[in-house]
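Reader: I'd like to learn how to read the sheets, pockets and contacts in a model like this one. Could you walk me through it?

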Amino acid sequence: MDPKREMPKKNNMEHLIADRQEGIGVCGWILVSLSFLLVLITFPISIWACIKVIREYECVVVFRLGHILSKKAKGPGMILILPCTDTLIKVDLRTVTCNIPPQEILTKDAITTQVDGAVYYRIHSAVSAIASITEVHSATFLLAQTTLRNVLGTQSLAQLLASQEEIAHSIQAILDSTMEQRGVKVAQAEIKDVRIPVAVQTPMAAEAEAAREARAKVVAAEEMNASKALKQASMVLAESPLHYLQTLTTLAAENNSTIVFPFPKNVLESLGQKNREG
């Protein structure tokens, strides 16, 4: 993501929040003062209405008379509010899993498939998520559905089946660049299942079977050629004993192994008879 393009978006959001944080006016300050005075008069009973405990995975955006109290969200821990003038909205900062139901996709090669997926995101800026969009979770869900259909519509069925990880990364990048300015960080997008029509599965299976048979024939031809080469080598060795002995010497020198040398039986018998006669 280009940081130069993100800077104007961030500045626009800060200006929007700053505009909403303009002074509450004289009447507003009077109401705030009266609320603070009421807290002092009813102390310590009022302290229970002023103290709010925020969990570790949450934060709150505090509105004072309709204006955002500060540019940053508060929490986790204990915070103090004025019960009559302040309202707060809690925001969950944990990662949210968004399951995308099966979508009818028309691929680039005019094949209709059903694809479902999942998107994992979290809110990283509570102020932006509250001030810039009405329902951040619903918006992320609808945008994920639309992005899934748009991206997969530009791919063929073969590309969809072979490059699911790359397609998921492109979907994640598009969602993240769109929702970043609204305070949402898209961590991951996944394609869970691709359902191919039965009418398309039969020719695909026949094509795969034909490809496997072709590979088997190639392997068989290579094995036949190798066997012919071995046969020719054995014939050469049989015709030339000297070459046979040289080959045995080379093998023994390289691998340092024991070689069983075949020797004709009749030669051994003739040598035994000569030894007995001598």
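Author: Let's take the sheets, then the spaces, then the ring contacts. Keep in mind that this is a predicted model.

Reader: Fine, sheets then. In what order do the strands of the sheet with β7 stand?

Author: The general idea is to read the strands across the sheet rather than along the chain. Here 3 strands form an open sheet, and the order is β6-β7-β8, with antiparallel pairing. β6 and β8 are the edge strands, each pairing on one side only. From one strand to the next, the twist averages 20°.

Reader: How many bridges join β6 to β7, and how many join β7 to β8?

Author: Strand β6, residues 96–106, is joined to β7 by 9 bridges. Between β7 and β8 there are 10 bridges. Both pairs run antiparallel.

Reader: And if I want to check the register by eye, which residue in β7 stands opposite C98?

Author: That's V119. For β7 against β8, try D116, which stands opposite D193, and Q114, which stands opposite R195. As background, side chains in a regular strand alternate between the two faces of the sheet.

Reader: What about the turn between β6 and β7? Which residue there takes a positive phi?

Author: In a hairpin, backbone angles in the link are worth a look. This one has 5 residues between the strands, and A110 takes a positive phi near 65°.

Reader: Where does the order β3-β2-β5 come in?

Author: That's an open sheet of 3 strands in that order, with antiparallel pairing. β3 (67–68) and β5 (86–92) are at the edges with a single partner strand each, so one side of each has no neighbour in the sheet. The link from β2 (residues 58–64) to β3 consists of 2 bridges, and these strands run antiparallel. To find the register, look for R64 opposite H67 in β3.

Reader: Now the spaces. How many cavities of 30 Å³ or more are there?

Author: A cavity is a space that the probe fits but cannot leave. The count is 1 cavity of 30 Å³ or more, and the largest cavity has a volume of about 40 Å³. β7 (112–123), α7 (164–179) and β8 (184–195) are the elements giving two or more residues to its lining.

Reader: Which residues line it, and how do they divide by class?

Author: The lining of the largest cavity is made up of I100, G117, A118, V119, L148, A168, I171, A189, E190 and I191. By class that is 8 nonpolar, 1 polar and 1 charged. You've already met V119, the residue opposite C98.

Reader: And the second largest pocket: what is its volume, and which element gives the most to its lining?

Author: A pocket, by contrast, is an open set. The second largest pocket holds about 160 Å³ of space. β5 gives the most to the lining, with 3 residues, while β5, α4 (126–131) and α5 (136–152) each supply at least two. Among the lining residues are K90, V91, D92, I123 and H137. The lining divides into 6 nonpolar, 2 polar and 3 charged residues.

Reader: Last one: how many aromatic pairs are there, and which charged end sits over the ring of Y57?

Author: Rings can be checked against each other and against charges. A search of the whole structure finds 0 aromatic pairs. The ring of Y57 does have the charged end of R94 over it, 3.8 Å from the ring centre.

How values were computed:
Residues are numbered from 1 along each chain as its sequence is written. This is a predicted model: local features need pLDDT of at least 70, side-chain atom pairs count only at pLDDT 80 or more; totals for chains, interfaces and linings use all residues. Side-chain values use heavy atoms; hydrogens and water are left out. Two strands pair if DSSP finds at least two bridges between them. Helices (H or I, at least four residues) and strands (E, at least two) are DSSP runs, numbered from the N terminus. On a 1 Å grid over the protein atoms alone, a cavity is a set of points where a 1.4 Å probe fits but cannot get out, and a pocket is an open set with protein on both sides within 12 Å along at least five of seven lines; lining residues have an atom within 4 Å of a point. Grid points are joined across faces, edges and corners, and a volume is the space filled by probe spheres set on the points. Ala, Val, Leu, Ile, Met, Phe, Trp, Tyr, Cys and Pro count as nonpolar, Asp, Glu, Lys and Arg as charged, and the others, Gly among them, as polar. Rings of Phe, Tyr and Trp (its six-membered ring) pair if their centres lie within 6.5 Å; planes under 30 degrees apart count as stacked, over 60 as edge-to-face and the rest as tilted. A charge sits over a ring if NZ of Lys or CZ of Arg is within 6 Å of the ring centre and within 35 degrees of the ring normal. Axes are lines fitted to C-alpha atoms, for helices over the stretch in contact, and angles run from 0 to 180 degrees between N-to-C directions.
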